[in-house]
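Me: I'd like to go through a model with you and hear the reasoning behind each label. Here it is.

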Amino acid sequence: MTACRFRDNLPTMLLAVDIGNTRTKFGIFDGETLLTKFSIPTLKNATRVDIRSAVAGSIAYPISSAIICSVVPEIDAEFREFISDEFAVRGAFVTNELDLGLKINYQPRSAAGTDRLVNAFAAAEKYGVPCIVCSFGTAATIDFVNDQRELVGGLIAPGMQTMATALHLNASRLPEVTIDRPDSVLQTSTEGSIRSGVFYGFLGMAESLVNRVKSQIRGDVKVVATGGLALLIAENTTVVDHVDENLLLDGLRIISERQIT
């Protein structure tokens with residue numbers, strides 16, 4: 001398939017791509033405006049042909065630049081080739097070594113997930129410092145950026161659906177279930193009991209972890225949540241101040257605008 005071509009008088013856009021463990025999210029920006037976003041499943045053995053097929057018809061804008069954050073290195077090369085073939089642009093990948101204006105206290109720095117670094121950077125830019133940045137997805141990560149723009153540290157825990165999947169894989173009689181908010185803590189079926197245990201267990205864990213981080217911090221601090229389950233968690237707890245589902249995509253946009261890459 002040949003690269004997409006557009007008339008010279010049409011505006012050009014930035015394609016931001018967040019390759020996560022479960023889903024890959026795409027955002028198309030015209031300046032600071034997010035025109036559209038969508039996601040596809042992340043498949044570690046996907047080829048550029050598979051990616052093109054999954055994306056087909058979803059990008060109807062002229063793309064002049066692209067920036068990618070990935071935590072699935074197995075498919076980085078295929079995404080690079082897909083973007084080059086489809087839009088005739090070179091996709092810039094965020095690396096751990098970028099100077100984001102944050103002091104990174106992570107050892108070794110090369111092991112830090114680029115998604116965590118971009119989220120921390122974006123939260124500091126959009127909401128100011130100090131801030132606690134929570135990402136509720138396949139994994140739950142919580143990081144703290146102090147008032148000196150220092151990423152002090154953080155933690156990683158299983159995400160909500162990951163907890164449910166682990167129960168299914170390790171207990172023969174427990175089915176895998178999708179997670180949402182149960183209407184009651186006490187349930188009368190196996191499926192309902194799993195949903196309740198995972199949902200309220202994760203909620204309690206998230207609240208406890210945020211409060212434990214706060215206990216090591218002096219003064220007030222904003223808590224910013226992102227990720228697929230951020231809104232669900234925020235609606236059922238008081239520890240989250242801001243929900244920003246586009247935090248990482250916005251971070252990629254800012255990085256691209258400043259030509260940090």
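Reply: Let's start with residue classes: Ala, Val, Leu, Ile, Met, Phe, Trp, Tyr, Cys and Pro count as nonpolar, Asp, Glu, Lys and Arg as charged, and the others, Gly among them, as polar. As ground rules, this is a predicted model, where local features need pLDDT of at least 70 and side-chain atom pairs count only at pLDDT 80 or more, while totals for chains, interfaces and linings use all residues. Residues are numbered from 1 along each chain as its sequence is written, and side-chain values use heavy atoms, with hydrogens and water left out.

Me: Okay, so what makes up the lining of the largest cavity, by class?

Reply: Two nonpolar, three polar and two charged residues. The lining residues are R116, N119, A120, V133, S135, T141 and D143. Under the class rule, A120 and V133 are nonpolar, and R116 and D143 are charged. That leaves N119, S135 and T141 as polar.

Me: How do you know what counts as a cavity, and what lines it?

Reply: On a 1 Å grid over the protein atoms alone, a cavity is a set of points where a 1.4 Å probe fits but cannot get out, and lining residues have an atom within 4 Å of a point. Points are joined across faces, edges and corners, and the volume is the space filled by probe spheres set on the points. By this rule there is one cavity of 30 Å³ or more, and the largest holds about 30 Å³. Helix 3, strand 7 and strand 8 (139-145) each give two or more residues to its lining, with helix 3 supplying the largest share, three residues. Helices (H or I, at least four residues) and strands (E, at least two) are DSSP runs, numbered from the N terminus.

Me: What makes a nonpolar core a core?

Reply: The members are buried Ala, Val, Leu, Ile, Met, Phe, Trp, Tyr and Cys residues joined through side-chain atoms within 4.5 Å. Buried means under 20% relative accessible area, exposed over 50%, and partly exposed in between (1.4 Å probe, protein chains only). The largest core has 29 residues, and I67, V94, L102, V118, L252 and I255 touch the most other members. Strand 1 (13-19), strand 4 (63-70), helix 3 (114-127), strand 7 (131-136) and helix 7 each give two or more residues to this core, helix 3 giving the most, with seven. Apart from it lies another core, of 28 residues, including I132, F136, V198 and A234.

Me: Which residues does L252 touch, leaving out those up to four places away in sequence?

Reply: A16, V17, I67, I68, C69, V94 and V118. Touching is a contact, meaning heavy atoms within 4.5 Å.

Me: Why is the pair of F136 and F202 called edge-to-face?

Reply: Rings of Phe, Tyr and Trp (its six-membered ring) pair if their centres lie within 6.5 Å; planes under 30 degrees apart count as stacked, over 60 as edge-to-face and the rest as tilted. For F136 and F202, the centres are 5.7 Å apart and the planes meet at 80°, so the pair is edge-to-face. This pair links distant parts of the chain, with F136 in strand 7 and F202 in helix 5 (residues 190-215), 66 residues apart. Both rings' residues, F136 and F202, are buried. F199 and Y200 are edge-to-face too, at 4.9 Å centre to centre and 90° between the planes. The rule gives five aromatic pairs, and F26, F38 and F79 form one aromatic cluster.

Me: Are F199 and Y200 buried or partly exposed?

Reply: F199 has a relative accessible area of 0%, so F199 is buried. Y200 sits at 25%, so Y200 counts as partly exposed.

Me: What about helix 7: why is D250 called buried?

Reply: The relative accessible area of D250 is 10%, so D250 falls under the 20% limit. D250 lies in helix 7 and touches F29 and K126, not counting residues up to four places away in sequence. E257 is in helix 7 (residues 247-257) as well, but at 42% relative accessibility E257 counts as partly exposed. On the same sequence terms, E257 touches G31 and E32.

Me: What makes the phi of A88 worth a mention?

Reply: Most residues other than glycine have a negative phi, and most peptide bonds are trans. The phi of A88 is positive, near 60°, in the loop between helix 2 (76-87) and strand 5 (91-93). R149, not a glycine either, has a positive phi of about 55°.

Me: And which residue does a cis peptide bond join to P108?

Reply: Q107, with omega about -10°. Another cis peptide bond joins V129 and P130, with omega about 0°, and P130 is in the loop between helix 3 and strand 7.

How values were computed. On a 1 Å grid over the protein atoms alone, a cavity is a set of points where a 1.4 Å probe fits but cannot get out, and a pocket is an open set with protein on both sides within 12 Å along at least five of seven lines; lining residues have an atom within 4 Å of a point.
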